[in-house]
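I opened my notebook today to follow a few strands and helices through one protein model. Come along and look things up with me.

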Amino acid sequence: MTKPSLPELLHAAVTAVGGTERPGQAAMAEAVAEAVDDNAHLLVQAGTGTGKSLGYLVPALAHGERVVVATATLALQRQLVERDLPRTVDALHPLLRRRPQFAMLKGRSNYLCLHRLHEGVPQDEEEGLFDQFEAAAPSSKLGQDLLRLRDWSDETETGDRDDLTPGVSDRAWAQVSVSSRECLGASKCAYGAECFAEQARERAKLADVVVTNHALLAIDAIEGAPVLPQHEVLIVDEAHELVSRVTGVATGELTPGQVNRAVRRAAKLVNEKAADALQTASEGFERVMELALPGRLEEVPEDLGYALLALRDAARTVISALGATRDKSVQDEDAVRKQALASVETIHGVAERITQGSEYDVVWYERHDRFGASVRVAPLSVSGLLREKLFAERSVVLTSATLKLGGDFNGVGASLGLAPEGTAGDDIPQWKGLDVGSPFDYPKQGILYVARHLATPGREGSRTDMLDELAELVEAAGGRTLGLFSSMRAAQAAAEELRGRLDKPILLQGEETLGELIKNFAADPETCLFGTLSLWQGVDVPGASCQLVVMDRIPFPRPDDPLMSARQKAVEEAGGNGFMAVAATHAALLMAQGAGRLVRATGDKGVVAVLDPRLANARYGSYLRASLPDFWYTTDRNQARRSLAAIDAAAKVNDQ
């Protein structure tokens with residue numbers, strides 16, 4: 001029997017999910033198949049509505065080797081495992097004459113730990129050792145959550161937190177889960193044979209397609225101990241998020257509270273001398289942190305250096321001593337020891353990393369209203385790490401609706417450790433960039449309006465002209481507005497101002513869960529939703545409820561962001577343009593994501609309004625505009641208002 005062609009397979013899969021075949025999707029599938037067959041790398045930009053999930057799943061399944069798909073968001077993981085993969089596998093089975101298996105794999109703390117559920121949490125000294133189910137009053141929210149988790153443990157097949165609906169608080173989940181460092185290991189654990197995390201790993205080992213997240217992919221790359229099964233093809237969806245997720249995993253943090261917890265956990269398990277030394281080092285660190293002012297530390301201050309050296313040495317002593325001491329009064333000693341060891345090893349690792357002082361690391365103080373001061377350390381760049389760990393031994397396909405910034409893929413490529421497209425060399429990963437476009441007719445469906453007449457936004461201070469403009473636009477649109485703000489303070493100020501001025505419901509991020517806010521926003525066309533970062537890329541509301549997307553200003557990183565400013569400075573010292581490579585690239589990605597909230601379906605129409613004249617006037621404005629969908633462009637405020645009023649009137653007719 002002849003092997004089915006890729007167009008045949010794609011047609012079967014698209015029909016099975018009830019979709020429409022699109023030229024961009026077909027072009028993407030061909031390019032992915034070619035990259036996988038040639039063991040090459042591909043960056044592919046596929047606009048909203050292209051059907052990119054099938055564009056990579058079909059050629060990957062047809063290839064027959066094991067594939068890992070890594071996504072940034074929970075929503076896409078669920079969509080792949082619960083909808084796209086089951087239907088695609090069913091559709092391809094008769095053609096391929098085999099049924100590819102698929103599985104989901106996450107980090108260990110996402111799964112219910114049966115040992116912790118049944119044996120209780122090793123508690124810190126001052127709280128005493130207790131059964132958390134007895135101690136949390138059943139009437140309290142925590143008690144109710146824990147009782148529900150206990151019942152759920154008997155019926156769940158996966159133990160995956162995301163399969164529990166409704167969910168529980170982070171505090172409740174922490175009582176029944178462990179990190180990989182705290183885990184006893186299947187062979188030493190009384191519940192090892194039933195362990196949900198181990199079962200997920202076993203399923204992944206047998207699967208043809210393993211769906212995971214960027215964080216686990218980063219851990220697999222950074223920590224050297226393989227978490228993911230061997231695979232020949234890696235597909236990174238939502239790839240515009242990868243660098244920030246990998247940076248997050250590679251970032252270390254120390255806080256006085258965290259160090260105190262480690263001291264309490266270790267105290268019962270080591271000799272008095274070792275415990276006292278860690279306690280003294282902890283107190284010294286706490287004193288230094290009381291005076292910490294937020295900002296980058298170009299050099300580690302002397303007092304912090306001494307405090308960290310003392311912590312490092314005391315932690316090392318405790319780690320050595322933990323193996324030897326047996327305390328008969330400690331129940332479930334293995335679990336208590338493992339938790340203590342995990343805490344102390346983290347402190348030792350971060351303290352040593354900062355005191356060693358690599359030129360490739362950035363160190364800074366942060367201050368949080370609720371949690372106090374912390375010292376953090378992050379890599380100046382993850383591009384070298386990604387080049388070495390990601391592209392070495394497999395074919396990699398990276399895809400997103402926003403990878404082409406300022407007209408080409410080289411900016412995103414550089415952040416991933418790739419040389420400019422077409423650069424030849426023995427140790428240089430070869431890659432191709434492909435933009436398969438979008439099924440939407442952006443010039444006819446959307447307008448990009450830049451409020452050129454407004455004053456340039458300053459760092460602080462109220463922007464009364466911007467708020468006046470915003471109120472006029474929202475009024476013209478009849479509500480239907482998603483407001484994307486560069487800071488929470490700006491979002492709150494705008495919500496407060498417009499609630500006083502307009503007779504439209506204004507929802508504000510933080511006043512309700514994000515899911516609830518988006519549901520309420522979609523349900524009522526007159527409603528507006530204002531918020532910050534997670535709304536720039538987390539909202540999918542097709543139809544008449546979202547016909548105006550407003551950005552209050554170009555979302556450059558804050559000038560006092562220690563990591564971004566360090567990265568910018570490093571590019572400049574190497575002879576490059578730090579502002580364009582770091583700040584403008586960051587802003588372009590966010591603006592492309594934000595503008596992508598407007599047109600989510602073929603019938604959608606509306607306006608993206610940027611209330612920052614720099615997008616029209618500044619030299620870098622053309623680079624940012626070239627990163628956005630190809631909307632019809634205007635700086636005429638009357639034109640923008642007339643268009644919004646016409647779109648609102650048409651939507652009202654359709655609503656009747």
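**Entry: a bridge in a sheet.** I began at G295 and found that its bridge partner in β8 is Y365. The model I am reading is a predicted one. I then looked up how β7 and β8 (residues 361–368) pair: the sense is antiparallel, over two bridges. Which order do the strands of this open sheet take? I read off β6-β9-β8-β7, four strands with antiparallel pairing. At the edges I noted β6 (252–254) and β7 (295–296), each pairing on one side only. As a reminder to myself, strands of a sheet pair through backbone hydrogen bonds, either parallel or antiparallel.

I also checked what lies across this sheet. Helix α23 (residues 562–573) lies across β7, β8 and β9 (372–379), and α23 runs at about 155° to β8.

**Entry: a covered strand.** Next I turned to β2 (residues 67–71). How many of the residues of β2 are buried? I found five of its five, so I wrote "mostly covered", with buried meaning under 20% relative accessible area. I sorted the residues of β2 by side: V67, V69 and T71 are on one, V68 and A70 on the other, and both faces are covered. That pattern reminded me of a rule: in a regular strand the side chains alternate between the two faces of the sheet.

For its partners, I found that β2 runs parallel to β4 (residues 209–213), joined by five bridges. One of these pairs A70 with T212 in β4. β2 also runs parallel to β5, with four bridges between them. Here I noted V67, whose bridge partner in β5 is V233.

**Entry: helix α2.** I moved on to α2, which covers residues 23–37 and has 15 residues. From first C-alpha to last, α2 reaches 21 Å, close to the 21 Å expected at 1.5 Å a residue. Just after α2 I met N39, with a positive phi near 55°.

Which residues of α2 are buried? My list reads G24, Q25, M28, A29, A31, V32, A33, A35 and V36. Among the elements covering them I wrote down α1 (6–16), β1 (41–45), α3 (52–63) and β5 (233–236). β10 (395–400) and β11 (431–435) also help to cover the buried residues of α2.

**Entry: α2 against α3.** Two packed helices are described by the angle between their axes and the distance between the axes. For α2 and α3 I noted an angle of about 35° and axes 8 Å apart. The crossing of α2 past α3 is right-handed. On the α2 side, the residues in contact include M28, A29, V32 and V36, and on the α3 side they include L54, Y56 and P59. By class, I counted eight nonpolar, three polar and two charged residues in this contact.

**Entry: two single residues.** I looked up W431, which sits in strand β11. Is W431 buried or exposed? Its relative accessible area is 6%, so I filed W431 as buried, a label for values under 20%. Among the residues W431 touches are H41, L43, F409 and P420. A414 is 17 residues from W431 in sequence and 12 Å away in space, C-alpha to C-alpha.

Last came E497, in helix α20 (residues 488–501). Its relative accessible area is 31%, so I called E497 partly exposed, the label for values between 20% and 50%. E497 and L467 are 30 residues apart in sequence, yet their C-alpha atoms are 7.6 Å apart in space.

Terms used. Residues are numbered from 1 along each chain as its sequence is written. This is a predicted model: local features need pLDDT of at least 70, side-chain atom pairs count only at pLDDT 80 or more; totals for chains, interfaces and linings use all residues. Side-chain values use heavy atoms; hydrogens and water are left out. The expected span of a helix is 1.5 Å times one less than its number of residues. Buried means under 20% relative accessible area, exposed over 50%, partly exposed in between (1.4 Å probe, protein chains only). Contact means heavy atoms within 4.5 Å. Two strands pair if DSSP finds at least two bridges between them. Axes are lines fitted to C-alpha atoms, for helices over the stretch in contact, and angles run from 0 to 180 degrees between N-to-C directions. A crossing is left-handed if the near helix is turned anticlockwise from the far one by less than a right angle, and right-handed if clockwise. Ala, Val, Leu, Ile, Met, Phe, Trp, Tyr, Cys and Pro count as nonpolar, Asp, Glu, Lys and Arg as charged, and the others, Gly among them, as polar. Lists of a residue's contacts leave out its neighbours within four places in sequence.
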